[in-house]
Amino acid sequence: MQRAPSATALSFILLRETASLNEDEVRALKQIKEASPEAAQAYELTQRFMIMIRKEGDEQLIDWIRQVRQSNLVELQNFALSLGRDQTAVENALTMEYSNGQVEGQVNCLKLKKRAMFGRASFESLRKRVLYMA
């Protein structure tokens with residue numbers, strides 16, 4: 001008897017391209033979609049959104065938001081509402097080749113070091129560690 005996928009595994013199944021799923025994942029996805037029409041609709045909308053992100057499809061964004069608003073999926077509706085509030089920035093993120101990913105990675109690394117040293121070391125120690133790592 002097979003075990004049900006964990007929540008983390010399930011989220012990866014829902015976000016990955018169908019072609020990249022193995023047999024067990026395809027089977028689990030099929031069972032989920034058959035068990036719940038809402039899950040099937042959420043999967044289709046999520047896949048369309050992921051395609052927009054991968055293929056830089058900003059022209060589909062407005063149509064996607066409209067379809068989500070017509071669905072009864074509250075979580076996706078909230079997500080679409082937040083995208084609509086900052087639609088220009090989202091469209092730019094989908095179309096521009098530039099990214100702030102490298103900067104965000106460096107900031108994340110710095111915050112991780114700061115948290116690890118919190119309460120045990122002085123600012124000067126943190127400063128030296130950051131400068132040494134650079």
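Trainee: What share of the 134 residues of the protein counts as buried?
Mentor: The share is 21%. A residue is called buried if its relative accessible area is under 20%, exposed if it is over 50%, and partly exposed in between, using a 1.4 Å probe and protein chains only. This is a predicted model: local features need pLDDT of at least 70, and side-chain atom pairs count only at pLDDT 80 or more, while totals for chains, interfaces and linings use all residues. Residues are numbered from 1 along each chain as its sequence is written, and side-chain values use heavy atoms, leaving out hydrogens and water.

Trainee: Why is Thr46 called buried?
Mentor: Its relative accessible area is 18%, and the limit is under 20%, so Thr46 is buried. Thr46 lies in helix α3, residues 37-55.

Trainee: What does Thr46 touch, not counting residues up to four places away in sequence?
Mentor: Thr46 touches Leu14 and Leu15. A contact means heavy atoms within 4.5 Å.

Trainee: Why is Glu25 counted as buried?
Mentor: The value for Glu25 is 16% relative accessibility, so Glu25 meets the limit for buried. Glu25 is part of helix α2, residues 23-35. Apart from residues up to four places away in sequence, Glu25 touches Ile13, Arg16 and Ser20.

Trainee: Lys33 is also in helix α2. Why is Lys33 called partly exposed?
Mentor: Lys33 has a relative accessible area of 30%, which falls between the two limits, so Lys33 is partly exposed. Leaving aside neighbours within four places in sequence, Lys33 is in contact with Ala40, Tyr43 and Glu44. The C-alpha atoms of Lys33 and Asn100 are separated by 36 Å, and these residues are 67 residues apart along the chain.

Trainee: What makes Leu10 partly exposed?
Mentor: Leu10 has 27% relative accessibility, so Leu10 is in the range between buried and exposed. Leu10 sits in helix α1, residues 7-15. From Leu10 to Ala39, 29 residues along the chain, the C-alpha atoms are separated by 12 Å.

Trainee: Why is Ser82 called partly exposed?
Mentor: At 33% relative accessible area, Ser82 lies between the limits, so the label is partly exposed. Ser82 belongs to helix α5, residues 74-85.

Trainee: How do you know that the side chain of Ser82 reaches the backbone oxygen of Phe79?
Mentor: The distance is 2.7 Å. A polar contact is a pair of N or O atoms within 3.5 Å; within protein, one must be able to donate a hydrogen and the other to accept it, and residues adjacent in sequence count only if both atoms are side-chain atoms. The distance is within that limit, so it fits the definition.

Trainee: How many helices and strands are in the protein?
Mentor: There are eight helices and zero strands. Helices are DSSP runs (H or I, at least four residues) and strands are DSSP runs (E, at least two), numbered from the N terminus.

Trainee: How does the radius of gyration of the protein stand against that of a compact globule of 134 residues?
Mentor: The protein has 20 Å, where a compact globule of 134 residues would have a value near 14 Å. The radius is taken over C-alpha atoms, and the globule rule is 2.2 Å times the number of residues to the power 0.38. The C-alpha trace spans about 60 × 45 × 25 Å along its principal axes.
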